[in-house]
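Student: Hi, could we go through this protein model together? I'd like to start with the whole chain and then ask about smaller parts.

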Amino acid sequence: MKINLDNSKQITEKYMPLIKSMARKFGVFEYEENICESQMILIEAIGTYDQSKGTFGNYLKNQLRYHFLDKSKKEIPISLYLCDENGNPLIDGLMSDIDIEKDLLEDEKNKNLHNAINKLDSKYQNIVKMKYYLNMTNKEIGEKLNLSPKTIANRNSLALKKLRQILKEK
C-alpha cells in the first residue's frame with residue numbers, strides 16, 4: 001500500500017491496533033483523547049513520511065511515542081489556584097454563565113414558596129396553582145370552579161396575604 005493522503009482512511013484502519021496500543025500505554029491521559037490525537041498524528045505522519053527512513057509502521061510508532069512522552073513532560077495542573085504560563089491563576093480563566101449561589105437561593109425560595117402554598121386551604125391552593133402555575137385568567141378559573149371572576153380575584157388576594165404571613169414566619 002502506498003503511503004499518501006489519498007488512502008488515509010485505509011492507512012488509519014490498518015494502523016488502528018498500533019494507535020490503540022499506544023493510547024493504552026499512556027493511560028495517564030484519557031483513552032479516547034489519546035485515540036483522537038493519535039489519528040491526527042497519523043495524518044501528519046503520512047505527509048512527513050520519508051520511505052528512505054524505514055517502514056511507515058516504525059515511523060508512526062516513533063512519532064506517537066515522542067508525542068506522548070512530550071505530553072507526559074507537561075505539568076498537569078492539580079489545582080485551580082496554580083498559575084498558567086502568564087502567571088494568572090487558572091480559576092480566573094474559567095467562565096460560566098451559571099451562578100451557583102443564585103441558583104441555590106432561587107431553589108430555596110421556590111421550596112419555601114411551595115411549602116407555604118401547601119399550607120393554604122385547598123380552595124386557595126387551587127386558585128394560586130391555576131393562576132400562577134397554569135397561567136389561567138380569573139374568568140377561566142371561575143368557569144372551572146363554577147365561581148365568578150370577582151370571587152376568584154378576592155380569594156387570590158386573600159391567598160397572597162396568607163402566603164406573605166406564612167413566609168414572614170419562616
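Tutor: What follows goes from the whole chain to its cores and then to a single residue, and please keep in mind that this is a predicted model.

Student: OK, how many helices and strands does the protein chain have?

Tutor: The protein chain comes to seven helices and zero strands, and if you read along the sequence the pattern is α-α-α-α-α-α-α.

Student: And what's the radius of gyration, next to that of a compact globule of 170 residues?

Tutor: The protein chain has a radius of gyration of 33 Å, whereas a compact globule of 170 residues would have one near 15 Å. Taken along the principal axes, the box that the C-alpha atoms fill is roughly 95 × 40 × 25 Å.

Student: What share of the residues is buried?

Tutor: Of the 170 residues in the protein chain, 26% are buried. The chain exposes about 12700 Å², and carbon and sulfur atoms supply 52% of that area.

Student: Which residues have the most contacts inside the largest nonpolar core?

Tutor: That core has 20 residues, and those with the most contacts inside it are I11, Y15, L42, F56, L60 and L64. The elements that give two or more residues to this core are helix 1 (8–25), helix 2 (31–48) and helix 3 (56–73), and the largest share, seven residues, comes from helix 1.

Student: What about the second core, which residues does it include?

Tutor: The second core is separate and has eight residues, including A116, I117, V128 and I166.

Student: Switching topic, where is L147?

Tutor: L147 is in the loop between helix 6 (138–145) and helix 7 (149–169).

Student: Why does L147 count as partly exposed?

Tutor: L147 counts as partly exposed because its relative accessibility is 27%, and the partly exposed class lies between the cut-offs of 20% and 50%.

Student: Which residues does it touch, leaving out those up to four places away in sequence?

Tutor: With those left out, L147 touches G142, I152 and R155.

Student: And how far apart are L147 and I117?

Tutor: From C-alpha to C-alpha, L147 and I117 are 21 Å apart in space, and in sequence they are 30 residues apart.

Student: Last one, how many positive and negative charges does the chain have?

Tutor: The protein chain has 28 positive and 24 negative charges, and the mean positions of these two groups are 10 Å apart.

Conventions
Residues are numbered from 1 along each chain as its sequence is written. This is a predicted model: local features need pLDDT of at least 70, side-chain atom pairs count only at pLDDT 80 or more; totals for chains, interfaces and linings use all residues. Side-chain values use heavy atoms; hydrogens and water are left out. Helices (H or I, at least four residues) and strands (E, at least two) are DSSP runs, numbered from the N terminus. The radius of gyration is taken over C-alpha atoms; the globule rule is 2.2 Å times the number of residues to the power 0.38. Buried means under 20% relative accessible area, exposed over 50%, partly exposed in between (1.4 Å probe, protein chains only). Accessible areas come from the Shrake-Rupley method with a 1.4 Å probe; for residues, only the protein chains shown count as cover. Lys and Arg count as positive and Asp and Glu as negative; His and the chain ends are not counted. The place of a charge is taken as NZ of Lys, CZ of Arg, CG of Asp or CD of Glu. Contact means heavy atoms within 4.5 Å. A nonpolar core is a set of buried Ala, Val, Leu, Ile, Met, Phe, Trp, Tyr and Cys residues joined through side-chain atoms within 4.5 Å.
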